[in-house]
Amino acid sequence: MLLIQNAHVIDPASGRSEECDILVQGERIAQIGKSLPAPEGECGIIDARGLVAAPGLVDVHVHFREPGFTYKEDIHTGAAAAARGGFTTVVMMANTKPAIDNRETLAYVLEKGRRTGIHVLSCASVTVGLGGRELTSMEELAELGAAGFTDDGIPLLEESLVRRAMERAAALDKPVSLHEEDPGLIENNGIHRGKASEYFQMGGSPREAEISLVERDLRLALETGARVNIQHISARESVELLRQAKKQGAAVHGEATPHHFTLTQEAAIRYGTLAKMNPPLREEADRQAIIQGLADGTIDMIATDHAPHAPWEKDRPVAQAPSGIIGLETALPLAITGLVDTGCLSMEQLIGLMSTNPARLYGLDAGYLAQGGPADIVLLDPGAEVVPGEYASRSSNTPFTGWRLRGRVVKTIASGRVVYCNGCGNVF
């Protein structure tokens with residue numbers, strides 16, 4: 001058993017925001033209340049005075065690179081990074097090698113995930129080999145445990161195929177997550193077409209590349225009734241299209257990444273390949289629109305798009321280097337510093353965006369604190385300084401190293417076990 005005392009408990013699912021205790025028994029929460037007595041027998045006690053206790057964070061967009069690219073990350077190191085960042089549940093993307101488009105590969109990654117200290121789930125790909133032409137055996141993959149479907153990293157271009165995928169996903173009650181960039185409009189991806197592309201003397205990625213596919217897929221979602229997630233929104237027009245689709249009753253959701261609500265194309269000029277990602281960092285008006293979308297509920301989730309790369313890959317010229325940055329260990333302090341401390345969001349809103357809402361999208365038993373509920377808890381100190389620099393991830397490709405941020409994860413508890421504590425690292 002474990003008794004967490006004197007914490008400020010925030011649970012967006014119930015609206016609770018008050019100082020109280022949490023008693024954990026086994027993998028579940030036995031009781032939440034004020035001044036709970038320590039039970040008889042062996043019981044660990046955590047004095048959480050001055051700390052926030054929130055449901056463990058949930059990230060529905062991570063790349064753990066296994067199988068095929070374990071020199072960048074593997075499931076164990078990715079889970080360690082997640083735990084250090086306060087995440088107790090993550091959903092892996094399917095763009096591995098081989099792709100997660102078959103029962104053997106899906107079974108492999110799910111089994112590896114079960115050996116970590118947190119809950120590691122996985123999507124399966126929408127199309128065979130991420131080729132965009134033939135749908136996978138979605139029914140079989142869902143039965144085997146696929147959390148949802150995505151070809152993330154590669155946009156789906158054939159409208160009839162996207163429609164069929166949405167129809168099948170709707171019948172299975174599984175979400176479809178979509179990477180929205182039309183390659184036909186892009187010349188050298190990862191850098192915004194504008195000031196940044198001019199600086200690097202390359203074509204870059206125009207906002208229209210995202211807008212065109214977002215517009216199409218929101219329409220298809222409305223027509224099919226599918227649960228659709230628009231991934232890593234970067235353009236202000238996409239935010240408004242999502243807002244209007246929700247008003248029309250579509251079951252659509254949107255992600256914002258910490259880098260897209262924190263940085264603009266000027267960061268690409270400053271940090272080079274460490275700030276190269278798909279879709280790219282855009283303009284200040286886009287960043288502000290994303291923040292407004294988070295504040296008014298248009299964008300439902302903060303997701304990291306954790307994308308590790310080896311140092312030698314990022315050391316290439318901008319046009320040749322891969323896109324993406326790591327994000328699991330910096331997401332919470334970036335959000336607290338950039339959104340809560342600035343008054344854009346309350347802490348309750350932030351926890352909803354990083355835990356409750358993504359859990360609901362994927363239908364997970366996660367993202368809430370309640371008697372009988374899962375003992376997945378993050379203890380955090382919102383005012384403590386954090387300076388990123390040492391990572392549990394195998395990779396360190398991020399522009400945020402050395403930034404002075406606020407919001408430290410003190411302990412991460414998954415299924416009733418402390419899997420990370422500040423000062424002693426990971427314990428799995």
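In the predicted model, Y71 is partly exposed, with a relative accessible area of 39%. This tyrosine lies in the loop between β6 (57–62) and α1 (75–84). A pair of aromatic rings is described by the distance of the centres and the angle of the planes. For Y71 and W312, the ring centres are 6.0 Å apart and the planes stand at 20°, so the pair is stacked; the cut-off for stacking is an angle under 30 degrees. W312 belongs to helix α11 (residues 311–314), and the pair therefore ties together parts that are 241 residues apart in sequence.

A further aromatic pair is formed by Y199 and F200, whose ring centres are 4.9 Å apart. Their planes meet at 90°, so this pair is edge-to-face, a class that requires an angle over 60 degrees. F200 is partly exposed, and its relative accessible area is 22%. In total, the structure has three aromatic pairs.

Helix α6 spans residues 207–224 and includes A221. A221 is buried, with a relative accessible area of 1%; the limit for a buried residue is under 20%. With residues up to four places away in sequence left out, A221 touches M166, A226, V228 and V252. The C-alpha atom of A221 is separated by 9.7 Å from that of V176, a residue 45 positions apart from it along the chain.

Three cavities of 30 Å³ or more are present in the structure. The largest cavity holds about 40 Å³ of space. Its lining consists of T150, D151, D152, I154, P155, L156, S177, L178, H179, E180, R216 and D217. Two elements, β10 (176–178) and α6, give two or more residues to this lining. By class, the lining of the largest cavity has five charged, four nonpolar and three polar residues.

The second largest cavity also has a volume of about 40 Å³. It is lined by P258, H259, T304, I325, I326, G327, T330, A331, L334 and F400. Helices α8 (258–262) and α12 (331–340) each supply at least two of these residues. The lining of the second largest cavity comprises six nonpolar and four polar residues, with no charged residues. The two linings thus contrast in charged residues, with five around the largest cavity and none around the second largest.

Terms used: Residues are numbered from 1 along each chain as its sequence is written. This is a predicted model: local features need pLDDT of at least 70, side-chain atom pairs count only at pLDDT 80 or more; totals for chains, interfaces and linings use all residues. Side-chain values use heavy atoms; hydrogens and water are left out. Rings of Phe, Tyr and Trp (its six-membered ring) pair if their centres lie within 6.5 Å; planes under 30 degrees apart count as stacked, over 60 as edge-to-face and the rest as tilted. Helices (H or I, at least four residues) and strands (E, at least two) are DSSP runs, numbered from the N terminus. Buried means under 20% relative accessible area, exposed over 50%, partly exposed in between (1.4 Å probe, protein chains only). Contact means heavy atoms within 4.5 Å. On a 1 Å grid over the protein atoms alone, a cavity is a set of points where a 1.4 Å probe fits but cannot get out, and a pocket is an open set with protein on both sides within 12 Å along at least five of seven lines; lining residues have an atom within 4 Å of a point. Grid points are joined across faces, edges and corners, and a volume is the space filled by probe spheres set on the points. Ala, Val, Leu, Ile, Met, Phe, Trp, Tyr, Cys and Pro count as nonpolar, Asp, Glu, Lys and Arg as charged, and the others, Gly among them, as polar.
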